[in-house]
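Reader: I've got a model open and I keep tripping over the labels people put on such things. Could you walk me through how each label is earned?

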Amino acid sequence: RSRTSQTGLFKNFLKLVSGEADAEINEGNKLLLRVQDLSTTGMAIHIGELESKYFKKDLILKNTTIKFKDETIKIPETKVVYIVDYISNDKNLKKYKVGLHFQNLPKVTDDLIGKKIN
């Protein structure tokens, strides 16, 4: 529910375009994205063409973090289960929907996510 400011989004965009994001990702920093849909088993995100190079089917992501206004939940393992084209109103912008599955989720973390959803 917490939204990144327009300035923050623009700064992230500039990093992607300039290649700074590649260096940050390779150094173990984070790629910040918005969650479209969340369940206790996984989540869906929308990404653009620039971010798509970081997501491939069956890729295992370690230590995914979901930030809420009042809490941060860390997911030890997240698997990319699908990447599909997303229909956009803007024909010039290529978008994708990425499905992520939480793997080997500890019960405590599962309960935290369930509480947030409910």
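Author: Here we go through the labels one by one, setting values against cut-offs. One thing up front: this is a predicted model.

Reader: Fine. What makes up the protein chain in terms of helices and strands?

Author: The protein chain has three helices and five strands. Going from the N terminus, the elements come in the order α-α-β-β-β-β-β-α.

Reader: How do you know which strands pair with β5?

Author: Count the bridges. Two strands pair if there are at least two bridges between them. Strand β2 (residues 42–48) is joined to strand β5 (residues 95–103) by seven bridges, and strand β4 (residues 72–86) is joined to β5 by nine, so both β2 and β4 pass that cut-off as partners of β5. Both pairings run antiparallel.

Reader: Which residues could I click on to see that?

Author: For β2 and β5, try methionine 43, whose bridge partner in β5 is leucine 100. For β4 and β5, take threonine 78, which has phenylalanine 102 as its bridge partner in β5.

Reader: And what about β1 and β3: how many bridges hold their pairings?

Author: β1 and β2 pair over three bridges, in the antiparallel sense. With at least two needed, three bridges are enough, so this counts as a pair. Aspartate 37 stands opposite alanine 44 in β2, and β1 and β2 form a hairpin with three residues between them. As for β3, seven antiparallel bridges pair it with β4; there, threonine 65 stands opposite lysine 74 in β4.

Reader: Put together, what is the strand order in the sheet?

Author: The five strands form an open sheet in the order β1-β2-β5-β4-β3, with antiparallel pairing.

Reader: Why are β1 and β3 said to stand at the edges?

Author: Because β1 (35–38) and β3 (60–67) each have a single partner strand, one side of each is left without a neighbour in the sheet. From one strand to the next, the twist averages 40 degrees.

Reader: Where does helix α3 sit relative to that sheet?

Author: Helix α3 (residues 107–117) lies across β1, β4 and β5, and runs at about 65 degrees to β4.

Reader: Now surfaces. Why is proline 76 called partly exposed?

Author: Its relative accessible area is 30%. Buried would need under 20% and exposed over 50%, so proline 76 lands in between and is partly exposed. Proline 76 lies in strand β4. Leaving aside residues up to four places away in sequence, proline 76 touches Leu61, Lys62, Asn63, Leu105 and Pro106. Also, proline 76 and asparagine 104 are 28 residues apart in sequence and 7.7 Å apart in space, C-alpha to C-alpha.

Reader: What about leucine 31: what puts it in its accessibility class?

Author: Leucine 31 has 25% relative accessibility, and because buried means under 20%, the residue misses that class and counts as partly exposed. Leucine 31 is found in the loop between α2 (20–26) and β1.

Reader: And how much of the protein chain does count as buried?

Author: Of its 118 residues, 26%. The protein chain exposes about 8400 Å², with carbon and sulfur atoms supplying 50% of that.

Reader: What makes the phi values of aspartate 58 and asparagine 63 worth a remark?

Author: Most residues other than glycine have a negative phi. Aspartate 58 has phi near 75 degrees, and asparagine 63 has phi near 55 degrees. Both values are positive, in residues other than glycine. Aspartate 58 is in the loop between β2 and β3, whereas asparagine 63 is in strand β3. At 43% relative accessibility aspartate 58 counts as partly exposed, and at 45% so does asparagine 63.

Reader: Last one, on rings. Why is lysine 116 said to lie over the face of phenylalanine 68?

Author: Lysine 116 is 5.1 Å from the ring centre of phenylalanine 68. The distance cut-off is within 6 Å, and the charge must also be within 35 degrees of the ring normal, so 5.1 Å meets the distance part, and the pair is listed as lying over the face.

Reader: How many aromatic pairs are there?

Author: The structure holds zero. Ring centres would have to lie within 6.5 Å to pair, so no two rings here meet that condition.

Methods
Residues numbered from 1 in each chain as written. Predicted model: local features only at pLDDT ≥ 70, side-chain atom pairs only at ≥ 80, totals over all residues. Heavy atoms only, no water. Helix = DSSP H or I, 4+ residues; strand = E, 2+ residues; numbered from the N terminus. Buried < 20%, exposed > 50% of the residue type's maximum accessible area, 1.4 Å probe, protein only. Areas by Shrake-Rupley, 256 points an atom, 1.4 Å probe, with all protein chains shown as cover. Phe/Tyr/Trp six-rings, centres within 6.5 Å; stacked < 30°, edge-to-face > 60°. Axes fitted to C-alpha atoms, helices over the stretch in contact; angles between N-to-C directions. Contact = heavy atoms within 4.5 Å.
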